[in-house]
Amino acid sequence: MAQKPRSFQEIILALQTYWAGQGCAVLQPYDMEVGAGTFHPATTLRSLGTRPWAAAYVQPSRRPTDGRYGDNPNRLQHYYQFQVLIKPSPPDLQQLYLGSLEAIGIDMGMHDIRFVEDDWESPTLGAWGLGWEVWCDGMEVSQFTYFQQVGGHDCHPVSGELTYGLERLAMYVLGIDHVMDMPFNAPDAPQPLSYGDVFRQTEREYSRWNFDVADTDLLFRHFEEAEAECRRILEEPDTDPKTGREIVMAHPAYDQCIKASHLFNLLDARGVISVTERQAYIGRVRTLAKLCADAFVRTEAGGAAA
Amino acid sequence: MPDLLIELFSEEIPARMQSRAAEDLKKLMTDGLVESGLSYASAAGFATPRRLALTVEGLGERSPDTREERRGPKVGAPDKAIEGFCRGAGVSRDELEERESDKGRFYFAVIEKSGRPAAEIVAEVLEQTIRNFPWPKAMRWGEGSLRWVRPLHSILCILTTEEGAEVVPLEIDGIHAGNTTRGHRFMAPEPFSVGSFEDYEAKLKRAKVLLRAEERQELIWHDATNRAFAAGLDVREDRGLLAEVAGLVEWPVVLMGEIERRFMELPPEVLQTSMKEHQKFLSAGKDGRITHFVTVANIETADEGATILAGNQKVLSARLSDAAFFWENDLRIAKEGMGPWLDSLSHRTFERRLGSEADRVARIEALAKELAPTVGADPELAAQAARVCKADLSSEMVYEFPELQGLMGRYYSEAAGLPPEVAQACEEHYSPLGPSDTVPSAPVSVAVSLADKLDTLSGFWAIDEKPTGSKDPFALRRAALGVIRLVLSNGHRLGLLQTIGSANGEADAEDLLSFFHDRLKVHLRDEGIRHDVIDAVTAMPGNDDLTLLVKRAGALSDFLKTDDGGNLLQGFKRANNILTQAEEKDGVEYSFGADAKFAETAEEKELFTALDTAEPVIDEAMEREDFVAAMGAMAGLRQPIDTFFEAVQVNSDNQILRRNRLNLLSRIRRLCLSVADLTRVEG
């Protein structure tokens with residue numbers, strides 16, 4: 001068993017090293033605001049089509065409604081997810097996953113690990129899968145999903161997705177009660193930094209902005225613009241008139257879909273979307289996600305014949 | 001006779017699906033085996049989180065040989081017909097036999113099938129079973145196309161005889177059946193082989209897997225109550241939770257821990273709900289308080305569960321901190337009179353066309369006030385209760401635990417210093433929720449509960465959103481049954497048509513009333529009252545008064561079960577048929593003027609006397625709504641009516657006699673119909 005980690009970053013490093021050792025490409029976070037690691041094109045788009053894939057990465061994620069001004073011991077509007085996506089899902093994925101827990105210092109002989117039914121669905125991505133939340137001594141430490149459908153497309157082959165809520169997992173492993181007290185780097189480093197040193201102030205700033213200050217007219221307008229741009233990109237002909245090549249712009253269009261989704265989350269946090277409108281907005285984002293998925297499967301990476 | 005053992009080993013099966021799946025496996029396999037000609041002595045299915053298992057004892061060794069003779073076309077029939085027959089029977093033309101019969105010479109096919117060995121049939125039926133298994137939700141994995149509830153890893157399938165065990169050759173999407181399985185995921189992960197069901201169950205136990213769900217449940221309950229008893233506590237019984245927990249573990253290890261004292265101020269229901277919903281803990285305590293939790297681990301550890309218990313305790317504390325935070329915030333708002341919650345009701349849409357929750361509460365208030373005198377409640381208290389009954393929907397606790405709605409309303413109303421009847425109504429006004437749920441009897445609770453349900457029903461009727469077929473998204477059937485049970489169990493006299501009119505003038509009150517009648521039929525059917533009996537009473541005036549309706553139906557139902565009742569019904573039907581035919585033929589209505597002086601026979605006279613006696617008794621009883629007395633008096637008519645029909649010919653050639661007799665029958669009809677519409681009763 002690995003040595004017990006002492007800081008937040010050691011846990012991230014241990015997970016990256018472990019999954020790199022299992023043959024995953026260790027990617028970097030996507031450079032856009034997303035609500036969860038699933039939104040990274042390395043998951044959403046790469047789970048589509050027939051080409052094999054294996055990637056692991058940290059994804060900063062934003063959930064504006066979860067902001068608590070940095071006061072709540074475990075609720076944050078900005079947090080980290082660690083994401084693994086392997087296509088096709090290997091037969092020993094559960095064992096591989098348990099290996100990752102050992103890699104961060106969880107001794108399988110001393111803890112109670114359980115796979116508890118939890119079916120995953122993302123109405124905004126038009127995606128669903130079956131799997132579990134994984135419990136360690138009664139605490140949910142990961143989400144484990146076999147993707148069945150993404151962007152309205154059946155997944156063939158099926159991808160296995162693992163999502164770790166890093167703060168919560170790390171707090172458990174390190175025995176920390178308040179997220180802001182968690183050591184970010186080594187406690188004996190010349191400049192020891194806690195999670196709070198890094199994020200307390202930004203949590204406060206974003207909570208105020210998310211809940212009370214964000215300009216909702218502007219956000220509504222940006223939503224419309226992202227939606228329009230996404231559609232416009234996909235309506236362009238497949239053949240690029242300048243280079244004469246087939247270039248389906250699935251990724252640039254998908255960026256606009258991600259934007260629309262995040263703008264919707266911000267509007268939701270501002271409380272300006274009514275219950276009935278909510279479904280309509282979610283439906284609009286889902287339509288974009290489906291269009292992007294349709295486009296991606298026509299590309300080479302999406303498995304179309306080159 | 002061989003025994004069959006099957007195990008389908010997979011990744012974790014959702015707890016809620018396990019017992020059904022074990023039954024389905026048994027049913028599909030045994031049905032399939034029998035259909036293929038294999039009999040068996042007994043069978044049983046089992047499930048754990050990672051496996052479905054089936055044992056079948058005394059299976060036939062092979063299916064019997066069969067021989068079937070089929071007659072084909074006549075000799076000399078067109079070739080096409082003969083070829084078609086051969087194809088259908090699966091024989092070649094030169095195998096056909098020609099035989100003489102009384103209708104001529106025909107071709108015959110003799111189809112002989114030899115029986116097949118059990119292994120072959122088992123393999124075939126098991127493949128069918130796996131491919132068509134009725135999981136509520138199934139999935140694919142990896143590159144395969146097989147569907148199972150979660151990835152299927154191995155199949156164990158053996159036939160055991162006195163000579164030993166044999167693997168049934170079978171392959172499904174790359175999975176080859178064998179004779180091995182695995183034990184507990186962490187405590188005994190190595191594969192081992194088994195030779196029979198007894199061997200399988202015993203080896204599993206050694207490998208830290210209890211195969212039987214009942215055994216796991218009993219063990220959990222036994223250990224939990226023992227531990228609680230040792231600490232002077234009781235475990236709160238929750239069968240559903242117990243079954244679920246037994247479906248999450250293969251080797252239950254019961255651990256009990258204490259809830260931190262700082263959470264003792266939380267209502268016990270909050271503790272119990274939070275522990276159950278989030279962590280699937282059983283609750284333990286004494287004297288109505290909950291002080292401890294019971295968690296069930298799936299592993300034995302060197303420190304006897306200390307680390308696991310500490311971890312669970314920590315997670316529980318984090319969860320309860322949230323709950324305590326909600327409780328304190330909510331109490332502050334409640335003590336200040338719930339203002340912000342009441343305000344926020346206007347921002348919550350109930351239904352687009354029916355307005356906000358605030359609009360709805362205003363309607364419920366008006367209706368509750370109107371209904372109050374009828375149900376014996378103080379109108380002002382009913383109105384006050386209606387105003388606050390939905391306030392807790394905006395509380396943080398109910399946002400987190402929607403199943404605590406109503407109950408939190410009671411706590412918060414008490415904190416706000418509202419009268420106890422109001423607090424009680426906040427909790428009870430959702431009841432009854434189902435056919436066996438307790439029905440509130442406190443007048444203020446009844447007024448608000450009725451108003452809430454009638455507002456919902458008439459509102460959705462007004463916008464034409466009625467339940468259709470299996471679709472009832474707004475649970476309107478349940479609401480109607482709630483109204484029915486509230487009215488009946490409290491014996492309230494309520495004119496539904498008028499009440500629906502007050503609730504929403506745009507609702508089609510008659511149509512909604514007939515919906516109530518339909519629900520009432522279902523409700524009374526469970527109490528043994530036939531639907532035609534209900535039809536007979538809903539056809540009577542005052543049919544929107546459910547209490548009256550049911551009283552009448554009950555009396556009629558009991559009456560019809562008696563000998564007199566059944567025969568009187570026949571007598572009435574006979575009288576009514578003769579009368580109706582005569583009225584149709586003559587084009588007049590015989591409804592008046594039967595005169596005893598035209599009575600010829602003793603039997604006829606006797607009927608006059610009987611009717612003269614019964615009529616005032618029945619009319620008076622009906623006046624008092626004493627249906628039992630009315631029907632008792634009707635029972636007295638059975639004998640004279642029977643003898644009348646035996647002795648007297650109604651359609652006499654003498655027109656005066658005939659008219660008089662028809663008018664006499666009309667008295668029977670009027671009298672019977674004044675009690676119930678007997679024409680609608682079957683039989």
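Which domains does the domain assignment of chain A give? There are two entries: domain 1 spans 8-208 and domain 2 spans 215-296. Everything that follows comes from a predicted model, so it pays to read the values as properties of that model.

Chain B is carved up further. Its assignment lists domain 1 (3-62 + 117-206), domain 2 (66-113), domain 3 (213-335), domain 4 (342-557) and domain 5 (562-680). In that list, domain 1 of chain B is written as two segments, 3-62 and 117-206, with domain 2 taking 66-113. As for spacing, the C-alpha centres of domain 3 and domain 5 of chain B sit 70 Å apart.

Back in chain A, the C-alpha centres of domain 1 and domain 2 are 25 Å apart. The two domains touch through 21 residues of domain 1 and 20 residues of domain 2. Putting them together buries about 1,900 Å², with carbon and sulfur atoms accounting for 72% of that area. How many salt bridges are counted between domain 1 of chain A and domain 2 of chain A? The count is zero. Polar contacts do turn up, though: six residue pairs across this domain interface qualify, both partners being at pLDDT 80 or more. On the domain 1 side, the touching residues break down into 11 nonpolar, seven polar and three charged.

Now for the interface between the chains. Here 39 residues of chain A meet 39 residues of chain B. The size of an interface is often given as the accessible area lost when the parts come together. For chain A and chain B that figure is about 3,300 Å², and 54% of it falls on carbon and sulfur atoms. In chain A, the residues that lose the most area to chain B are A:Met110, A:Arg114 and A:Glu117, which together make up 17% of what that side buries.

Charged pairs show up at this chain interface, where four salt bridges are counted between chain A and chain B. One pair to look at is A:Asp177 with B:Lys314, a salt bridge whose closest N and O atoms are 3.5 Å apart. The polar contacts across the interface of the two chains come to 17 residue pairs, again with both residues at pLDDT 80 or more. Several elements of chain A feed its side of the contact: helix 3 (93-103), strand 4 (113-117), strand 6 (127-136) and strand 7 (139-150) each supply at least two residues. Sorted by class, the side of chain A that touches chain B holds 19 nonpolar, 12 polar and eight charged residues.

On to strand pairing, starting with chain A. Strand 2 (residues 53-62) pairs with strand 1 (residues 25-26) in the parallel sense, over two bridges. Strand 2 of chain A also pairs with strand 3 (residues 78-87), this time antiparallel and over 10 bridges. A:Ala55 is a handy marker for both pairings: A:Ala25 stands opposite A:Ala55 in strand 2, and A:Leu85 is the bridge partner of A:Ala55 in strand 3.

Chain B offers an open sheet of four strands, ordered 13-15-16-14 and paired antiparallel. Strand 13 (234-235) and strand 14 (253-258) form its edges, each pairing on one side only. Within the sheet, strand 15 (residues 282-286) and strand 16 (residues 289-297) of chain B run antiparallel and are joined by five bridges. In that part of chain B, B:Leu282 faces B:Val294 of strand 16.

A few backbone oddities round things off. Most residues other than glycine have a negative phi, and most peptide bonds are trans. Against that background, the bond from A:His156 to A:Pro157 is cis, with omega near 0°. A:Pro157 belongs to the loop between strand 8 (153-154) and strand 9 (160-165) of chain A. Chain B has a cis peptide bond from B:Ser431 to B:Pro432, with omega near -10°. B:Pro432 is found in the loop between helix 14 (420-428) and helix 15 (443-462) of chain B. Where does B:Lys208 lie? Its place is the loop between helix 4 (197-206) and helix 5 (213-230) of chain B. The phi of B:Lys208 is near 60°, a positive value in a residue other than glycine.

Notes
Residues numbered from 1 in each chain as written. Chains lettered and ligands numbered in written order. Predicted model: local features only at pLDDT ≥ 70, side-chain atom pairs only at ≥ 80, totals over all residues. Heavy atoms only, no water. Contact = heavy atoms within 4.5 Å. Buried area = accessible area lost by both parts, 1.4 Å probe. Salt bridge = Lys/Arg side-chain N within 4 Å of Asp/Glu carboxyl O. Polar contact = N/O pair within 3.5 Å; in protein donor to acceptor, adjacent residues only side chain to side chain. Nonpolar A, V, L, I, M, F, W, Y, C, P; charged D, E, K, R; others polar. Domains from an automatic or database assignment. Pairing = 2+ DSSP bridges.
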